[in-house]
Amino acid sequence: MTTAPARSSDRRISPVFLGIAAVTAVAGWATWTGFADNPGVAVFLFVTAAWIVSLCLHEYAHARTALHSGDISIGAKGYLTLNPLKYTHALLSIVLPVIFVIMGGIGLPGGAVFIERGRIRGRWKHSLISAAGPLTNVLFAVVCTAPFWLDALDGVPDAFRYALAFLALLQVTAAILNSLPVPGLDGYGVIEPWLSYKIRRQVEPFAPFGLIAVFAVLWLPAVNHVFFDAIDAILRGLGVSADDSYWGQKLYRFWDGSQEVPSPDGFSR
């Protein structure tokens, strides 16, 4: 198979991504300084834009790993520009994850970069390509929680603290959900190369419904409680309390009620 020569424009960061990053920066500044009359609006814009940035980086990690593993068609598809409009299914990769954050405060794993797997040789390479996305979410969660586990929160405004906590929750949920060995998710992509051809053929028809099945199971109260207890335990291990993430989500959903910003000691400010 042949492809057109790589062009510098295939790897140039897209103005669309730069615009999203700029919104993240401005909204983060507004959250930090209290510039907005309603802190929830600033938190909403900051977390939503940062969440989209993380989705773009998630897909970029898949694409970049695939490129270095042998799929030289990645550049021509525009995946290295970080432009979410280049994804095969922008609805699955960007729109639905944002809607789920707004509605339920859960990090829905996206995913829609088309990788020509036939170009790639070696099971470990296939597994690494699938693992690259969730690992990006893990890295993003570590960065978001760094002020917490480094005990470096002195001087950090409460609204910004809570926004980081909620953003970390989204990254952790996305990493865990996407790491499940369920057809259609990256976790299954990690183990798929090691399965027999017969098993892969039997599982293939269920791939489009894997994510739906996961959320159907999460809808069960008992499973939902266990899942979010595990999320809380992970966040606590990273120094983020349940109150931090709760108030982050509360501020994010500014249309639901009062926007008084509670301080960590329990008093509103």
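The following conversation concerns salt bridges and a nonpolar surface patch in a predicted model.

Student: What kind of model is this, and how are residues numbered?
Tutor: This is a predicted model, in which local features need pLDDT of at least 70, side-chain atom pairs count only at pLDDT 80 or more, and totals for chains, interfaces and linings use all residues. Residues are numbered from 1 along each chain as its sequence is written, and side-chain values use heavy atoms, with hydrogens and water left out.

Student: How many salt bridges does a search of the whole structure find?
Tutor: The search finds six; a salt bridge is a side-chain nitrogen of Lys or Arg within 4 Å of a carboxyl oxygen of Asp or Glu.

Student: Which parts does the pair Arg161 and Asp244 tie together?
Tutor: Arg161 and Asp244 form a salt bridge, with the closest N and O atoms 2.9 Å apart. Arg161 lies in helix H5 and Asp244 in helix H10 (residues 242-252), so the pair ties together parts 83 residues apart in sequence.

Student: Are those two buried or exposed?
Tutor: Both Arg161 and Asp244 are buried, meaning under 20% relative accessible area (1.4 Å probe, protein chains only), whereas exposed means over 50% and partly exposed lies in between.

Student: Which residues do salt bridges that share partners join into one network?
Tutor: That network consists of Asp71, Lys77, Glu116 and Arg119. Arg119 meets Asp71 at 3.6 Å, N to O, and Glu116 at 2.6 Å, N to O.

Student: Changing topic, where does Leu150 lie?
Tutor: Leu150 lies in the loop between helix H4 (123-149) and helix H5 (158-178). Leu150 counts as exposed, at 54% relative accessibility.

Methods:
Helices (H or I, at least four residues) and strands (E, at least two) are DSSP runs, numbered from the N terminus.
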